[in-house]
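Please look at the sequence and the structure shown here. The paragraphs that follow lead through selected parts of the model.

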Amino acid sequence: MASRTERKHHKKRKKWPFWVGGILLVLLLLISGGIFLIYNQVGAVVDTMHSPLTRDSDPDRQKEINQLYKEKDAVNILLLGVDERDGDLGRSDTMILLSINPNTDKMIMLSIPRDTYVNIPGRGMDKINHAYPFGIIDDIGGPDLSVQTVEETFNLSIHSYIRVNMEGFQQGIDAVGGVTVNNAQAFSSSGYSFQEGQITLDGQEALEYIRMRKQDNRGDLGRNDRQRQVIQAAMNEAASFSSITKAGEILDILGNNVQTDLDMDKLQTLLTNYAGARNNITTMEIEGHGETINGIWYYIVSDEEINRINSEITGHMQQQ
């Protein structure tokens, strides 16, 4: 068990007239609301979170994306967990591609190791998580360059993105009452101890749990696995979350920490037509090897592996 006593969750389920949606990190946070005040608050928060990419100004592209959601086509959403610290532009230390097919109610969750050696448009070969700060420096936009880099690396369309400040991730985990995961390896990090087996984590513990990689003999792959564990657990907690008294707090967390090109209509469509896929998630890892180039360690991925990933996700998206 983690460093705190496991909490028991006694939740009284309620059904309210309508559902509203928000995004917290790597998860579709489903919030229920039954009064117009909450609904109006949600609209204001979504407006605050809404941050289109530069390419979204193209009306033809907007029409195409809107049609995808309207027709319940498979979509790819890039989750960016950004660790912003004082004096730092921030890096996308968490990069997860969610490929969601509402026709089969299936989701693929692909973790992208942050040290993956790729071509960053306009910058050349570098670690993929450097796309975010480079986008800010070059006045392109951190999410813009991150999305473009992932698209060109895997030859896959990214239809939407969600960027979350990792501090907001911590606050969100606390707001839904913590998460329970199955830890494969006992370890300690930043004063916290994580025992092997089923453990319950609060927000700070969850943040330390997903950050650790130096003690993991699988390195970034082990770290990515813990990230997926926490995201899936948080999705399940959020889906059963029913405390209207917490709605205002969660909305504040979302507004202060989340940035996305998803507007209210797309969020509601995701909630209505795509949310069932959370019950059938396939996780994917990127196979590669470490290599030092000019004194810097990178994660090298072969063209064959890139093609395999493209083939699996494309095939998943085409299933009916």
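**A buried arginine, a strand pair and two cores**

In this predicted model, the side chain of R223 comes within 3.1 Å of the backbone oxygen of R211. R223 itself belongs to helix 7, which spans residues 220-239. Is R223 buried or exposed? Its relative accessibility is 4%, and because buried means under 20%, R223 counts as buried. Leaving aside residues up to four places away in sequence, R223 touches D93, R114, I210, R211, M212, R213 and D216. R211 therefore appears both in this list of contacts and as the residue whose backbone oxygen the side chain of R223 reaches, with buried R223 at 4% relative accessibility.

The next element is strand 5, residues 106-111. Of its 6 residues, 5 are buried, so strand 5 is largely enclosed by the rest of the structure. Which strand pairs with strand 5? Strand 14, residues 281-284, does so in the parallel sense, over 4 bridges. Within this pairing, M107 has I281 of strand 14 as its bridge partner.

The last topic is the nonpolar cores. In soluble globular proteins, nonpolar side chains tend to be buried together. The largest nonpolar core here has 33 residues, and Y69, I77 and I100 touch the most other members. Not counting residues up to four places away in sequence, the contacts of Y69 are V75, I77, S160, L262, K266, T269, L270 and Y274. There is also a second, separate core of 32 residues, and among them are M95, I108, I128 and I313.

Methods: Residues numbered from 1 in each chain as written. Predicted model: local features only at pLDDT ≥ 70, side-chain atom pairs only at ≥ 80, totals over all residues. Heavy atoms only, no water. Buried < 20%, exposed > 50% of the residue type's maximum accessible area, 1.4 Å probe, protein only. Polar contact = N/O pair within 3.5 Å; in protein donor to acceptor, adjacent residues only side chain to side chain. Contact = heavy atoms within 4.5 Å. Pairing = 2+ DSSP bridges. Core = buried A, V, L, I, M, F, W, Y, C linked by side-chain atoms within 4.5 Å.
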